[in-house]
Amino acid sequence: MIKVLFFAQLREQLNSQGLELTLATPCDINAIKHALIEHNSQWHAHLSQDTILCAVNQTMVDNRHLVQDGDEVAFFPPVTGG
Amino acid sequence: MTTSISISVQNDDFDVAQEYAAMRKDNTQDGAIVFFSGLVREMNQGRDVTGLFLEHYPAMTEKALGEIVAQACTRWPLSRIRVIHRVGQLHISDQIVFVAVSSSHREAAFTACHFIMDFLKNQAPFWKKETTQQGNIWVDALEKDKRAIDKWGNKNED
């Protein structure tokens, strides 16, 4: 089971704070995005934005990062703190 | 050298005088303290702003700030670092962020404070949503902020 979280405008665009996915692991971030789009096809455009960032277990990763069962995967837009 | 580090993500305001006093307290080794404070301004990206909501990713925020501070510690001899970032509802002229760095000499303190702010703006999971006359608008990340971290290079590739 993989815990998926969404933040900021992505959370609003998807109208979801997150969900739990059951997937064969290890799998990369692109595979997770595909599974999310399969879950809800209306999410395609938002999750395909190339600016979307991803963190696994609270550390930023790129799309090739391999996710393990039990990981927490967060998707969010570019950060704007400070 | 061992660096004393304090990182806080909080709703409450902070008092710069108190933070500065904590940097000085029982401190006989440092010759320089540099601090930066960031405020909510009334005009941003051409919009009249009346307030700001700061969202964050609670489990990741302090971890990300800790990693940025740890990077700074590998580059410069720093003795004390304090980082405060506020979240939640803020108003015009409120304080948002505070970064203070002390060192034996000013150059390390100036440079490390700048480095921490540049990386905080690019890597710490905070998002600003402005309240404006035109409604609530998520702030766009700026290209200049993304470019700002390029000048620091990648130490692992030096």
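## A walk through the two chains

B:Ile92 makes a good starting point: leaving aside residues up to four places away in sequence, B:Ile92 touches B:Val40, B:Arg41, B:Glu42, B:Val49, B:Thr50 and B:Gly51. Keep in mind as you follow along that this is a predicted model. You will find B:Ile92 in the loop between β6 (88-91) and β7 of chain B. With a relative accessibility of 30%, B:Ile92 counts as partly exposed. Although 40 residues separate B:Ile92 from B:Leu52 in sequence, their C-alpha atoms are 7.8 Å apart in space.

B:Leu52 also appears around our next stop, B:Glu130, which sits in strand β8 of chain B. Is this glutamate buried or exposed? B:Glu130 is buried, because its relative accessible area is 2%, and the cut-off for buried is under 20%. Beyond residues up to four places away in sequence, B:Glu130 touches B:Asn44, B:Arg47, B:Val49, B:Gly51 and B:Leu52, and also B:Gly135, B:Asn136, B:Ile137 and B:Val139. Two of these names may look familiar, since B:Val49 and B:Gly51 are also touched by B:Ile92.

Now let's turn to the nonpolar interior. The largest nonpolar core has 33 residues, and those with the most contacts inside it are B:Trp76, B:Leu78, B:Val83, B:Val99, B:Val101 and B:Ile116. Several elements of chain B give two or more residues to this core: the strands β2 (32-39), β4 (47-56), β5 (80-86) and β7 (95-103), along with the helices α2 (58-75) and α3 (106-123). Which of them gives the most? That is α3(B), with 9 residues.

For a closer look, try B:Leu78. Not counting residues up to four places away in sequence, B:Leu78 touches B:Met1, B:Thr2 and B:Thr3, then B:Ala72 and B:Cys73, and further along B:Val101, B:Ser102, B:Ser103, B:Ala108 and B:Ala112. Apart from this core lies another, of 21 residues, which includes A:Leu19, A:Leu21, A:Leu36 and A:Phe75.

Next comes the largest pocket, which holds about 990 Å³ of space. Its lining has 43 residues, and those nearest the centre are A:Val79, A:Thr80, A:Gly81, B:Lys121 and B:Asp145. At least two lining residues come from each of β4 (53-56) and β5 (59-61) of chain A, and from each of β2, β4, α3, β8 (126-132) and α4 (143-148) of chain B. Here α3(B) turns up again, supplying the largest share of the lining with 7 residues. As for character, the lining divides into 19 nonpolar, 12 polar and 12 charged residues.

What about the cysteines? A search of the whole structure finds 0 disulfides over all chains. A:Cys54 is in no disulfide, and the nearest cysteine sulfur, that of A:Cys27, is 11 Å away. A:Cys54 counts as buried, because its relative accessibility is 5%. In chain B, why does B:Cys113 have no bond to B:Cys73? The sulfur of B:Cys73 is the closest cysteine sulfur to that of B:Cys113, but it lies 13 Å away, too far for a bond. B:Cys113 likewise counts as buried, at 4% relative accessibility.

We finish at the surface of chain A, with A:Ala45 in helix α3 (residues 44-47). A:Ala45 is exposed, because its relative accessible area is 55%. A:Val73 is 28 residues apart from A:Ala45 along the chain, and their C-alpha atoms are separated by 19 Å.

Conventions:
Residues numbered from 1 in each chain as written. Chains lettered and ligands numbered in written order. Predicted model: local features only at pLDDT ≥ 70, side-chain atom pairs only at ≥ 80, totals over all residues. Heavy atoms only, no water. Core = buried A, V, L, I, M, F, W, Y, C linked by side-chain atoms within 4.5 Å. Buried < 20%, exposed > 50% of the residue type's maximum accessible area, 1.4 Å probe, protein only. Helix = DSSP H or I, 4+ residues; strand = E, 2+ residues; numbered from the N terminus. Contact = heavy atoms within 4.5 Å. 1 Å grid on protein atoms, 1.4 Å probe; cavity = no way out; pocket = protein on both sides within 12 Å on 5 of 7 lines; lining within 4 Å. Points joined across faces, edges and corners; volume = space filled by probe spheres on them. Nonpolar A, V, L, I, M, F, W, Y, C, P; charged D, E, K, R; others polar. Disulfide = S-S within 2.5 Å.
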